[in-house]
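Student: Could you go through this structure with me? I would like to ask about it piece by piece.

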Protein chains: 2
Amino acid sequence: MKRTVPFFESPIVLAPLGGPGTVELTAAACNARAFGSLACQYSDPERMRRDIARLRTLTDKPFGLNLFMNNDPPPVDADHLSRAHQRLHVYRDELGVPRPEVPQSPPLYHDEQMRVVLETRPQAFSFTLGIPSDAVIAELKAAGIYTIGTATTVEEAVALERAGIEAVCVQGAEAGGHRGTFLHYEVLPLIGTLALVPQVVKAVSIPVIAAGGIADGDGIAAVLLLGACAAQLGTAFLLADEAGTATAYRDVLKHASASDTIITEAFSGKPARGIANRVTRELADPRERAPYPHQNTMTRDIRNAAASQGRSEFLSLWAGQAFPLAREASAAEIIESLLAQTRVALRSRE
Amino acid sequence: MKRTVPFFESPIVLAPLGGPGTVELTAAACNARAFGSLACQYSDPERMRRDIARLRTLTDKPFGLNLFMNNDPPPVDADHLSRAHQRLHVYRDELGVPRPEVPQSPPLYHDEQMRVVLETRPQAFSFTLGIPSDAVIAELKAAGIYTIGTATTVEEAVALERAGIEAVCVQGAEAGGHRGTFLHYEVLPLIGTLALVPQVVKAVSIPVIAAGGIADGDGIAAVLLLGACAAQLGTAFLLADEAGTATAYRDVLKHASASDTIITEAFSGKPARGIANRVTRELADPRERAPYPHQNTMTRDIRNAAASQGRSEFLSLWAGQAFPLAREASAAEIIESLLAQTRVALRSRE
């Protein structure tokens, strides 16, 4: 009856972290008995291969690779794109970043990235923002790669199970970073983890991994009681020694409040949760920015310069609503302490 | 060390339900060992006295009364008010409701309502959308009435504790009905229960009651693990036999999905979570409606007619994100089964 993911050694999954994730963080998490994920969306196939090879020198534990599923840039009005491009110049000027003549085009290497996943055969492939084609799912299965989809609603979880996906990561509204919503909704659904997990557990029979708002052992214990087999934590690792979180970003995390996170499309053109700053305020109007992935590509130079110059007002400060619970320590210490807290919370329940 | 509310007989609090709440539901909850609340905001002082007297004939258990704290109608531009008033005529015409010549004014009986609370001496007074004045808090304490405030952020919980309030109900983003936010925020904070409860538990030392997204025993057990001393459930009782939930409203609850709830100001002028319908869509623009409490008063005739005519497209369909877990049964059966599920979830943790 109990639904489990066979290769999980503990109830902790390290979330794939697009910005602050590093090979070192994933390896450290794996070595500390969490299931480590590596975010590959923003890595070109060459870098993916290098990172995976290096990860394998740092850990002999299983790990997961993660990609986004919606990779066809939408048709964009050239004027809109050009306006959104020029709108960013004010930030470039402040940061002393050269103004590119024309907006950079988003990379088109999703199929190649998928090929790297199939060839490098990670223990698991997790994905968000859609479902792979039947052909790709068949290839993943043939390669012995366990599939984990992302759902933000009950309907999405059901769609993933119907497509033959082996486990579902339920992303509650609290989660930091991009919303994984892939079905069409009139208003972006933002269902809290506590409300969503039990409904998904009822609706599907595959294992459920809970994500969103979990950053301590009590939270892990709580989602296990809701029927999840594991908790996926990302924000809890943003201050880890091995995380690539920029210093200015860390400073904001240490001083802001949970009421400071918002859902913004300012940096990437796609809704994501992070801490509000000047860019999220100034680009709140959709006319001021391009859709994903254009906006994401176009803001990269600004985000990189902001990170190296310590300017948090221009950084994408992805964070879940439990970020004030994140601790500064090594990933191993964080995981050790999360597991100990979880045991205390669940003590003598067996 | 364990923070508790001394008169709670079980970890379940029946939330004050503005629309679907009834004296019968509150009494049934109290008699089944939940702590029952009665929403009084929309009752004039005479009706409050009658309801409280009747409640006392139906139960000898303690109960709580609930009011809103922000009761001074904001200054409203007369043209805006008149436009918002006329905008509603299309609904009145469809329902065959007479068009009032001028917008009805919101009632101004908050001080009298507060007087009824002090005179009738319920076991607890709970409130939302603010903090009573120091003088009122002193009077409540002198009358031996336990005070429970509502917080939607860590800062609000701290403000309540500093004001001398005895317990805090933490309203997560999942909760149905009006958002209790009372501090000023640039963007309405919508922090999920799972993320917010542990942060409030860390920040204050008064007992914490968790609300939002909890509609089964696993959810109750989960928030107890997060450090709450009780769970406040409202949505879980919307289909209870004793609830005043209109038939058309019940039908929607039985067929909609968690992804259908939104935060809307269409019915009351103040943000509240409910199931989207024609009115929430058509009055999404603030220019189409008046601020609270004007809009609330102005839409009352429409909501009443819609309820009696079975027209859910004109009804305020307040619901939390866990509404698909609500069961049709008597309040006693619902509470019995919630307590049994909670025991199973927590089994042998003691």
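Tutor: What follows is a conversation about the structure shown above. This is a predicted model, in which local features need pLDDT of at least 70, side-chain atom pairs count only at pLDDT 80 or more, and totals for chains, interfaces and linings use all residues. Residues are numbered from 1 along each chain as its sequence is written, while chains are lettered from A and ligands numbered from 1 in the order in which they are written.

Student: How many residues does each chain give to the contact?

Tutor: Chain A gives 43 residues and chain B gives 43 residues. Two residues are in contact if their C-beta atoms, placed from the backbone, lie within 7 Å.

Student: Which helix of chain B gives the most to that side?

Tutor: On the side of chain B that touches chain A, α8(B) gives the most, with 6 residues. At least two residues each come from α7 (154-162), α8 (193-203) and α9 (217-225) of chain B. Helices (H or I, at least four residues) and strands (E, at least two) are DSSP runs, numbered from the N terminus.

Student: And what classes do the residues on that side of chain B fall into?

Tutor: There are 22 nonpolar, 14 polar and 7 charged residues. Ala, Val, Leu, Ile, Met, Phe, Trp, Tyr, Cys and Pro count as nonpolar, Asp, Glu, Lys and Arg as charged, and the others, Gly among them, as polar.

Student: What turn lays chain B on chain A?

Tutor: A turn of 180° with a shift of 0.0 Å along the axis lays chain B on chain A, with an RMSD of 0.0 Å. That is the relation of a two-fold axis. The copies are superposed by least squares on the C-alpha atoms of residues with pLDDT of at least 70 in both.

Student: Why are the copies said to meet through the same surface?

Tutor: They are said to do so because 100% of the interface residues of chain B are also interface residues in chain A.

Student: Changing topic: at what angle do α1 and α14 of chain B pack?

Tutor: Helix α1 (residues 23-31) and helix α14 (residues 331-346) of chain B pack at an angle of about 40°, and their axes are 8 Å apart. That makes α1(B) oblique to α14(B). Axes are lines fitted to C-alpha atoms, for helices over the stretch in contact, and angles run from 0 to 180 degrees between N-to-C directions. Angles under 35 degrees count as roughly parallel, over 145 as roughly antiparallel, 65 to 115 as roughly perpendicular and the rest as oblique.

Student: Which residues of these two helices meet?

Tutor: B:Leu25, B:Ala28, B:Ala29 and B:Asn31 of α1(B) meet B:Ala331, B:Ala332 and B:Ile335 of α14(B). This contact of α1(B) with α14(B) has 6 nonpolar, 1 polar and no charged residues.

Student: What about α2 and α5 in chain A: how far apart are their axes?

Tutor: The axes of helix α2 (residues 45-58) and helix α5 (residues 110-120) of chain A are 9 Å apart, and the angle is about 25°. The two helices α2(A) and α5(A) are therefore roughly parallel to each other. A:Pro45, A:Met48, A:Arg49 and A:Ile52 of α2(A) make the contact with A:Glu112, A:Gln113, A:Val116 and A:Thr120 of α5(A).

Student: Now A:Thr26: is it buried or exposed?

Tutor: A:Thr26 counts as buried, because it has 32 C-beta neighbours inside 10 Å. A residue is buried if 20 or more other C-beta atoms lie within 10 Å of its own, exposed if 12 or fewer, and partly exposed in between, with C-beta atoms placed from the backbone. A:Thr26 lies in helix α1 (residues 23-31) of chain A. Beyond its neighbours within four places in sequence, its contacts include A:Leu14, A:Leu55 and A:Phe63.

Student: Where is A:Pro293 found?

Tutor: A:Pro293 is in the loop between α11 (278-282) and α12 (294-298) of chain A. The peptide bond from A:Tyr292 to A:Pro293 is cis, with omega near -5°. In chain B, a cis peptide bond joins B:Tyr292 and B:Pro293, with omega about -5°.

Student: What is phi of B:Arg33?

Tutor: Phi of B:Arg33 is near 80°, which is a positive value in a residue other than glycine. B:Arg33 lies in the loop between α1 and β2 (35-39) of chain B. With 17 C-beta neighbours inside 10 Å, B:Arg33 counts as partly exposed.
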